[in-house]
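Hello,

Here is the structure I promised to pass on to you. Please have a look at it first, and then read on for what turned up.

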Amino acid sequence: MTSAAIGPILKATDLERIYPDGQVHALRGVSIELAHGESIAITGPSGCGKSTLLQILGGLDRPDRGEVSFRGESLQSMDLDRFRAREVGFVFQSFHLVGTLSAIENVQIPMFEGPWPRADRERRADRLLDEVGMGHRRAHRPSRLSVGERQRVAIARALANDPALLLADEPTGNLDSRNQADVLDLLDRLRKERGLSLLMVTHSAEVASSADREVRLRDGRLV
Amino acid sequence: MRFSTLIVKNLFNRPMRSLLTVVGLAIGIGAVVALMGIAKGFERSFVALYESKGIDLVAVRGGISNQLSSNLDAALADRLRSIPGVSRVARSLVDTVAFEEANLVSVLINGWEPDGLLMGGLRVTEGRPLRMGDERTAMLGRVLAKNLGKTAGQTVDVAGEPFQVIGVFESPSLFEDGGLIVPLSTLQKLMGREGQVTAFLLAANRPEDSEAVGALGREIEAMIPGVAAVPARDYVERDLQIRLARAMAWTTSLIALVIGSVGILNTMATAVYERTGEIGVLRAIGWRRSRVLKLILGESLMLGVVGSIAGVALSFVGVRLLLLAPTARSFIDPNLPLGAVAGGLGLGLSLSLLGGLYPAIRAAAMDPTEALRHD
């Protein structure tokens with residue numbers, strides 16, 4: 001086993017993020033580690049910096065100070081597009097599925113940046129939809145799916161390129177309690193079966209309790 | 001799923017806007033192809049008119065912009081024949097007449113010598129050609145005969161005078177096909193221009209040597225003041241109608257260029273604005289800027305391909321509709337040249353890329369976190 005595999009899959013050290021207008025100090029010296037296969041829930045009140053932290057950890061944004069490393073390698077020196085395409089799966093509160101495409105087509109979108117030949121994409125997407133229990137709805141557009149089903153399709157899309165890391169921003173924020181429980185079960189099952197590391201941002205105490213660990217943020221600081 | 005499937009689905013997601021953009025582009029491209037084609041056809045017809053008869057030089061009055069307004073002494077033909085390097089000389093009087101009953105307002109009437117150089121290149125399809133001694137006789141071009149519904153042996157009224165149709169001919173030039181030929185002396189009398197011609201058409205001894213033909217023209221101009229002797233191809237290039245047709249085609253193309261680009265720019269810019277959130281998601285899940293650029297340019301190009309093809313189809317329909325008017329049949333070639341079609345397609349594709357470029361660059365430059373907040 002390499003040292004990269006032994007150490008945390010994701011490590012953030014002393015992150016600072018000040019938005020360009022200089023008025024919002026979103027993160028103030030945040031350090032966090034995510035182990036292989038671990039799940040962490042980031043909680044805290046609105047505007048405390050949860051989403052900013054998630055975006056920096058997912059390579060969507062860069063910190064003004066501090067460093068993020070993935071498997072021991074700094075994100076600073078990485079091609080972030082490739083990192084997001086191959087190593088990270090994003091799940092959003094509003095699902096963000098493409099309305100004109102069917103479920104199976106939505107799952108294939110990230111695969112354009114993956115290593116898969118065109119002939120394999122559909123087969124892979126089919127398998128992923130089966131894995132999240134949506135195989136029977138493969139040809140349906142998002143508008144014909146329930147909100148719970150949409151989030152399942154979005155989770156299948158997040159897994160399209162076999163990422164090691166799943167980042168979820170309020171994954172159950174738009175779901176009722178039954179769908180919330182289903183999605184949490186699904187995320188937990190996928191994490192265990194696939195050995196994924198999961199980082200969730202949530203307001204919900206119930207969601208937070210489903211994670212291995214909870215990290216609380218307030219005014220850009222860990223508390 | 002292919003990348004192209006994504007492009008097509010995105011366009012079908014806003015069908016009315018895509019359709020209107022395609023229609024706008026198609027009208028622009030259709031107008032360009034039709035007008036370029038007509039202008040090219042003019043030029044081709046004009047060149048064919050001289051080439052088929054082996055004419056190397058056209059001598060008209062200097063400083064005039066149109067052969068119809070040229071006026072030269074017919075007796076100059078003998079001086080021209082005596083110039084070394086000149087092989088043959090033909091006298092030509094050209095004017096226009098109307099055949100109101102057939103709704104033909106401006107038909108070219110050629111006054112030629114029956115045994116002259118100008119009768120070359122004509123194929124008599126009915127009756128016989130002009131002969132020496134013919135007077136009130138006319139040969140009708142194929143298109144004119146069809147427009148007038150006349151055949152050999154019948155009579156036709158030309159400028160109020162009855163002429164016997166002695167034959168129908170076919171020419172490589174549409175201008176001649178749409179006109180008629182009468183003996184030179186008859187036309188001179190009919191138009192009150194006795195002893196005058198509008199042009200001398202000359203064959204050179206060494207037609208293959210364009211330098212020599214040009215030099216011969218300059219020699220003629222030096223010898224006979226007031227005469228402009230221009231190589232046939234240059235003469236066509238300088239012709240007022242040809243230049244007008246070209247200018248019209250280019251102006252229309254420019255307008256189409258602006259309208260088409262703005263139409264596509266507007267459509268794609270609106271699409272990019274509306275899909276800011278979607279583009280943010282694509283970037284978030286790892287799509288590179290170059291792939292976003294390809295997506296937007298691909299959509300724009302697809303609009304261009306469909307609009308251009310529809311435009312070319314429209315131009316063919318438009319030209320055929322124009323040909324329903326009898327007057328148009330005598331100067332519009334129904335077969336649009338391949339160059340005009342290729343030019344129209346090329347223009348349409350260039351326009352679509354040009355119009356899509358700014359929205360595509362804007363989409364590709366989006367910050368994913370900003371774009372995600374947009375929703």
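A definition to begin with: two residues are in contact if their C-beta atoms, placed from the backbone, lie within 7 Å. Please also keep in mind that this is a predicted model.

With that cut-off, take chain B. Of the contacts there between residues at least 6 apart in sequence, 81% join residues at least 24 apart. In chain A, residues 24 or more positions apart make up 71% of the contacts with a separation of 6 or more.

Now for the overall form of each chain. Chain B has 14 helices and 12 strands, and 45% of its 375 residues count as buried. Its C-alpha atoms fill a box of roughly 90 × 45 × 30 Å along the principal axes. The radius of gyration of chain B is 28 Å, whereas a compact globule of 375 residues would have one near 21 Å.

Chain A comes to 8 helices and 10 strands. Its radius of gyration is 17 Å, close to the 17 Å that the globule rule gives for 223 residues, so chain A is as compact as a globular protein of that length. The C-alpha trace of chain A spans about 45 × 40 × 35 Å along its principal axes, and 49% of the 223 residues of chain A count as buried.

The rest of my notes concern a sheet in chain A. How are its strands ordered? Six strands of chain A form an open sheet with mixed pairing, in the order β6-β7-β8-β3-β9-β10. The edges are β6 (88-91) and β10 (221-222) of chain A, each of which pairs on one side only. As a general reminder, strands of a sheet pair through backbone hydrogen bonds, either parallel or antiparallel.

Within this sheet, β7 (residues 165-169) and β8 (residues 197-201) of chain A pair in the parallel sense over 5 bridges. If you would like a spot to click on, A:D169 stands opposite A:V201 in β8(A).

Two helices of chain A go with these strands. Helix α6 (residues 147-158) of chain A packs on the sheet and touches β6 and β7 of chain A; the direction of α6 makes about 165° with that of β6(A). Helix α2 (residues 50-57) of chain A lies across β3 (39-43), β7, β8 and β9 (213-218) of chain A, and α2 runs at about 150° to β8(A).

Best wishes

Key:
Residues numbered from 1 in each chain as written. Chains lettered and ligands numbered in written order. Predicted model: local features only at pLDDT ≥ 70, side-chain atom pairs only at ≥ 80, totals over all residues. Helix = DSSP H or I, 4+ residues; strand = E, 2+ residues; numbered from the N terminus. Rg over C-alpha atoms; globule rule 2.2 N^0.38 Å. Buried ≥ 20, exposed ≤ 12 C-beta atoms within 10 Å, placed from the backbone. Pairing = 2+ DSSP bridges. Axes fitted to C-alpha atoms, helices over the stretch in contact; angles between N-to-C directions.
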